[in-house]
Structure formats: structure tokens, C-alpha cells
Amino acid sequence: SGCIAWCNVAAPLFRTQRAGTIVGISSVAGDRGRKGNPAYATTKAAMNTYLEALRNRLAENGVYVCTIKPGFVDTAMTKGKKTFWMIPAEEAARLTLAAARGRANVRYVPRRWWLVGTVIRSIPSFLFRHLNV
């Protein structure tokens, strides 16, 4: 993925400098294997795990890695879709920068998506597969 390619170049540089912040933009879709778009959810789940591993590897070198999990953002990908809690891209960018400055390891953008993620992750698989989420 593009995220991994960029991070594989940035991480050694930041490690050498013993400072820096890497911000990875993932998605709430990576929290569970939703039936609607399995490939997208899978790539985001992989990205979440990669960023966590990178965070663990670089922490001792003073490098900070932040995973951002946005909900619905008004972009070309969501154009024409009717979704709840859609936010403008500018707001998502502002919240992302605030999370990175605040040293959050993982941040849902906006934060209300944390509740959705928590509920979705707590549903047992035998029930989740019947939901249309």
C-alpha cells in the first residue's frame, strides 16, 4: 500500500533524527470485516496493524505514530452517497492535525465515531454477519 511505502521511507529517517510524527489515515471500516466492501475493510485493518507495529518500534526513538480513523468525509469517494455524520474534508483535516499534535495513538475523527467503533467491535461474529453495516 501507499501508506506502507511512505512509512518505510520516513521511519528510518525519523528514527535517525530521534524525532518526528507519522500520521496514517485509516478508516472506521478497518475495525471489522464488513460485508459491503471486504477489500477496503481488509486494507484498512492491515494499515491499523502496521501503524501499531511501527508505533511500537519507533516509540523508544522518540518518534510518534498516530492512526486516524475517520468516519464519513465529504470527498470524491462519498460523492452522492447519503450517509449520516458526514463532515467536510476541511474539518476532518483540522481534527486530524489536532489529534496528531495531542499525541493520540489512535483517534476517531470526529470522536463520536469511537462509540460506533466500540459498539461494532463488541458485536459477536454470528450476529455481525447478519447486519448490513
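## Notebook: cysteines, strands and salt bridges

**Entry 1: Cys66 and the cysteines**

I began with Cys66, which is buried, at a relative accessible area of 0%. Note to self: this is a predicted model.

Next I wanted to know how many disulfides a search of the whole structure finds. The search comes back with zero. I recalled what I was looking for: a disulfide is a covalent bond between the sulfur atoms of two cysteines. The cut-off I need here is 2.5 Å between the two sulfur atoms.

Why does Cys66 have no bond to another cysteine? The closest cysteine sulfur belongs to Cys7 and lies 12 Å from the sulfur of Cys66, so that is too far for a bond. I then tried Cys3, where the closest cysteine sulfur is again in Cys7. The gap there is 4.1 Å, which is also too far for a bond. Cys3 is buried too, with a relative accessible area of 17%.

**Entry 2: the strand that holds Cys66**

Cys66 is a residue of S2, so I checked how covered that strand is. Eight of the eight residues in S2 are buried. I sorted the side chains by direction: Val63, Val65, Thr67 and Lys69 point one way, while Tyr64, Cys66, Ile68 and Pro70 point the other.

Which strands does S2 pair with? One is S1 (residues 20-25), which pairs with S2 (residues 63-70) in the parallel sense over six bridges. The chain gets from S1 to S2 by way of H2, and this β-α-β crossover is right-handed. I looked up two of the matched positions: Gly20 has Val63 as its bridge partner, and Thr21 stands opposite Tyr64.

Strand S5 (residues 106-109) is another partner, parallel to S2 and joined to it by four bridges. On that side, Thr67 of S2 stands opposite Val106.

**Entry 3: salt bridges**

I reminded myself of the basic idea: side chains of opposite charge can pair when their charged atoms come close. How many salt bridges are there? The count comes to two.

The pair I looked up first was Asp31 with Lys69, at 2.7 Å from N to O. Asp31 sits in the loop between S1 and H2, Lys69 sits in strand S2, and 38 residues separate them. Both Asp31 and Lys69 are buried.

Then I looked up Arg121, which forms a salt bridge with Asp31, the closest N and O atoms being 3.2 Å apart. Arg121 is in helix H4 (residues 113-122) and Asp31 is in the loop between S1 and H2, so this pair ties together parts that are 90 residues apart in sequence.

Are the ends of this pair buried or exposed? Arg121 counts as partly exposed, at 37% relative accessibility. Asp31 is buried, with a relative accessible area of 13%. I drew a little sketch of Asp31, Lys69 and Arg121, which are linked in a network of salt bridges.

**Entry 4: Lys44, a lysine without a partner**

Lys44 caught my eye next; it lies in helix H2 (residues 38-58). Lys44 is buried and yet has no salt bridge. Which side chain of opposite charge is nearest to Lys44? That turns out to be Asp31, 12 Å away. The cut-off for a salt bridge is 4 Å, so that pair doesn't qualify.

What does Lys44 touch, then? Leaving out residues up to four places away in sequence, I listed Ile25, Ser26, Ser27 and Gly30.

**Entry 5: Leu13**

I also looked at Leu13, which is in helix H1 (residues 2-17). Leu13 is partly exposed, with a relative accessible area of 45%. I checked Leu13 against Cys66: the two are 53 residues apart along the chain, and their C-alpha atoms are separated by 17 Å.

**Entry 6: backbone oddities**

Before looking, I noted the usual case: most residues other than glycine have a negative phi, and most peptide bonds are trans.

Where is there a cis peptide bond? I found one joining Val109 and Pro110, with omega about -15 degrees. Pro110 lies in the loop between S5 and H4.

For phi, I noted Arg18, which has a positive value of about 60 degrees although it isn't a glycine. Arg18 is in the loop between H1 and S1. Trp85 also has a positive phi, near 60 degrees. Trp85 is placed in the loop between strand S3 (73-74) and strand S4 (87-88), and at 35% relative accessibility Trp85 counts as partly exposed.

Conventions. Residues are numbered from 1 along each chain as its sequence is written. This is a predicted model: local features need pLDDT of at least 70, side-chain atom pairs count only at pLDDT 80 or more; totals for chains, interfaces and linings use all residues. Side-chain values use heavy atoms; hydrogens and water are left out. Buried means under 20% relative accessible area, exposed over 50%, partly exposed in between (1.4 Å probe, protein chains only). Lys and Arg count as positive and Asp and Glu as negative; His and the chain ends are not counted. Contact means heavy atoms within 4.5 Å. Two strands pair if DSSP finds at least two bridges between them. A crossover is right-handed if, with the strands pointing away from the viewer, the path from the first strand over the helix to the second runs clockwise.
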